[in-house]
Amino acid sequence: MKKIISLFVIATMIVAAMSISTSAADVTSTAQFAFDGTVNKLTANIEADATLHLTEASQNLVVDLNGFTWSCADIVLKIDNGATVEIYDSSEAKTGKIDSGNDAIDMSNGTLTVKNITIEGGVDACDAIFANGGNITVEGCTLAAGKAGLDSSHGSSSAGVPVVA
């Protein structure tokens, strides 16, 4: 009886551990993105027709570019009202890229973490990341644009937006 109970407890622990792990969803368009912390893993390049605008503090967007490019003629991603975003590239070559004809990422208030990706803003007076508030972490990224890779000088304090590099 003790062995049966022990096996039952072990099986329950394994099932519980599996349900806690972060799930992943393969995506080919921004319309398929989940905003609940699920990893949205690109399986193709995405050329968005419009800016993806996050406006709720409860939104938690995690994107694995997986070697692909997420692009838009306008701003690719706009972050407001405390939304949380993490974008990284798990591909071996680290060729994942965000490409925009404008500021690539525009953040007014929220948390942004980018790792091992390239972010390219437009050529004329544009930034790769334009931040007017919030917190930004940049690790192992290439930022390029006509004006600045990262413009974080527009915060309400003289210190600007906190950036961790």
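Modeller: A nonpolar core is a set of buried Ala, Val, Leu, Ile, Met, Phe, Trp, Tyr and Cys residues joined through side-chain atoms within 4.5 Å; buried means under 20% relative accessible area with a 1.4 Å probe, protein chains only. This is a predicted model, in which local features need pLDDT of at least 70, side-chain atom pairs count only at pLDDT 80 or more, and totals for chains, interfaces and linings use all residues. Residues are numbered from 1 along each chain as its sequence is written, and side-chain values use heavy atoms, leaving out hydrogens and water.

Biologist: Which residues have the most contacts inside the largest nonpolar core?

Modeller: In soluble globular proteins, nonpolar side chains tend to be buried together. Of the 165 residues here, 39% count as buried. The largest nonpolar core has 31 residues, and those with the most contacts inside it are Trp70, Leu77, Ile87 and Ile98.

Biologist: Which strands stand at the edges of the open sheet?

Modeller: Strands are DSSP runs of E, at least two residues long, numbered from the N terminus, and two of them pair if DSSP finds at least two bridges between them. Five strands form the open sheet in the order 4-7-10-13-16, with parallel pairing. Each edge strand has a single partner, so one side of it is left without a neighbour in the sheet; these are strand 4 (52-54) and strand 16 (148-151).

Biologist: Which residue in strand 10 stands opposite isoleucine 79?

Modeller: Strand 7 (residues 77-79) and strand 10 (residues 105-107) run parallel and are joined by three bridges. Opposite isoleucine 79, in strand 10, stands methionine 107.

Definitions and conventions:
Buried < 20%, exposed > 50% of the residue type's maximum accessible area, 1.4 Å probe, protein only. Helix = DSSP H or I, 4+ residues; strand = E, 2+ residues; numbered from the N terminus.
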